[in-house]
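User: Hi, I'm new to this one and would like a patient walk through it. Could you put it up so we can look at it together?

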Amino acid sequence: MTGFLFELSFLLAAPVWLLMIFAPAWGPTARIAGSPLTVLPVLFVYVALAVPVFPELWTAVSSPDLGSFRELTALPDGAGAVWAQVIAWDLLIGQWMYREGRRLEISALLMGPLLVLTILLSPFGLLVFLGLRAVRARQAGTRSLNGAPEGGQARR
């Protein structure tokens, strides 16, 4: 059962990722990516995996040290719970990146691979996105100072 729940955690998040990557301009994608409720199914999987190992989980988070965390992740349900938590938080980060990318008018051709990187290695994806976001925001500010509306071209 643990293996099934482990797999299920990503399968529940995958449709949202697929929409953000392959249908970023489709109307429902923005509504779906704008909702934090997308992580609820993954969080239900987390709870199902975390409850059986709650004493070990509590020890690992209430008095964190490498040994107690290692003991938690050595348990199948413990590793599965950590995985489901990572999947849920990665999805929330990806949804925020998607919305910010749309707001800043970052090309979907750039955001798609960046979201894939975030699925695989979210800290790296987030760091790259934060750098890109800073550059894009600075460019928007410069355009705004030069008389162009934010996110657009100067009027003539």
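User: Which residues touch the most other members in the largest nonpolar core?

Analyst: Keep in mind that this is a predicted model. The largest nonpolar core holds 30 residues, and the ones that touch the most other members are Met20, Leu91, Met111 and Leu115. The elements giving two or more residues to this core are α1 (2-22), α3 (40-50), α4 (54-62), α6 (76-103) and α7, and the largest share, 7 residues, comes from α6.

User: Let's take Leu115 then. Where is Leu115, and is it buried or exposed?

Analyst: Leu115 sits in helix α7, and it counts as buried because its relative accessible area is 1%, where buried means under 20%.

User: And what does Leu115 touch, not counting residues up to four places away in sequence?

Analyst: With those sequence neighbours set aside, Leu115 touches Trp17, Met20, Ile21, Gly94 and Met97. As for a position far off in the sequence, Pro15 is 100 residues away from Leu115 along the chain, and their C-alpha atoms are separated by 13 Å.

User: What about Thr118, is that one buried or exposed?

Analyst: Thr118 lies in helix α7 and is buried, with a relative accessible area of 0%. Leaving aside neighbours within four places in sequence, Thr118 is in contact with Trp17, Asp90, Ile93, Met97, Gly125 and Leu126, and Trp17 and Met97 are also among the residues that Leu115 touches.

User: Switching to α6: how far apart are its end C-alpha atoms?

Analyst: The end C-alpha atoms of α6 are 40 Å apart, which agrees with the span of 40 Å that its 28 residues should have at 1.5 Å a residue.

User: How many salt bridges are there?

Analyst: The count comes to 2 salt bridges, and Glu100, Arg103 and Arg133 are linked through them in a network. In one, Glu100 pairs with Arg103, with the closest N and O atoms 2.9 Å apart, while in the other the side chains of Glu100 and Arg133 meet at 2.6 Å, N to O.

User: Where do Glu100 and Arg133 sit along the chain?

Analyst: The pair links distant parts of the chain, since Glu100 belongs to helix α6 and Arg133 to helix α8, 33 residues apart.

User: How are Glu100 and Arg103 placed in helix α6?

Analyst: Glu100 and Arg103 are 3 residues apart in helix α6, so about one helical turn separates them. In general, an α-helix has 3.6 residues a turn, so residues three or four places apart point the same way.

User: Of those three, which are buried and which are exposed?

Analyst: They fall into separate classes: Glu100 is buried, with a relative accessible area of 10%, Arg103 counts as exposed at 54%, and Arg133 is partly exposed at 29%.

User: What is there to say about phi at Glu105?

Analyst: Glu105 has a positive phi of about 60° although it is not a glycine. Glu105 lies in the loop between α6 and α7, and it counts as partly exposed because its relative accessibility is 47%, which falls between the 20% and 50% cut-offs.

User: How far is Glu105 from Leu11?

Analyst: The C-alpha atoms of Leu11 and Glu105 are separated by 29 Å, and the two residues are 94 residues apart along the chain. Leu11 is placed in helix α1 and counts as exposed, at 54% relative accessibility.

User: And how far is Ala25 from Arg102?

Analyst: Their C-alpha atoms are separated by 8.7 Å, although Ala25 and Arg102 are 77 residues apart along the chain. Ala25 lies in the loop between α1 and α2 (27-33), and at 61% relative accessibility it counts as exposed.

User: Last topic, the surface: which residues make the nonpolar patch?

Analyst: Val116, Leu120, Leu121 and Phe124 make a nonpolar surface patch of about 400 Å². Among them, Leu121 is placed in the loop between α7 (108-120) and α8 (122-145), and Leu121 is partly exposed, with a relative accessible area of 44%.

Technical notes: Residues numbered from 1 in each chain as written. Predicted model: local features only at pLDDT ≥ 70, side-chain atom pairs only at ≥ 80, totals over all residues. Heavy atoms only, no water. Patch = residues over 30% accessible without salt bridge, like charges linked within 9 Å, V, L, I, M, F, W, Y side chains within 5 Å. Areas by Shrake-Rupley, 256 points an atom, 1.4 Å probe, with all protein chains shown as cover. Salt bridge = Lys/Arg side-chain N within 4 Å of Asp/Glu carboxyl O. Helix = DSSP H or I, 4+ residues; strand = E, 2+ residues; numbered from the N terminus. Buried < 20%, exposed > 50% of the residue type's maximum accessible area, 1.4 Å probe, protein only. Core = buried A, V, L, I, M, F, W, Y, C linked by side-chain atoms within 4.5 Å. Contact = heavy atoms within 4.5 Å. Expected span 1.5 Å × (residues − 1).
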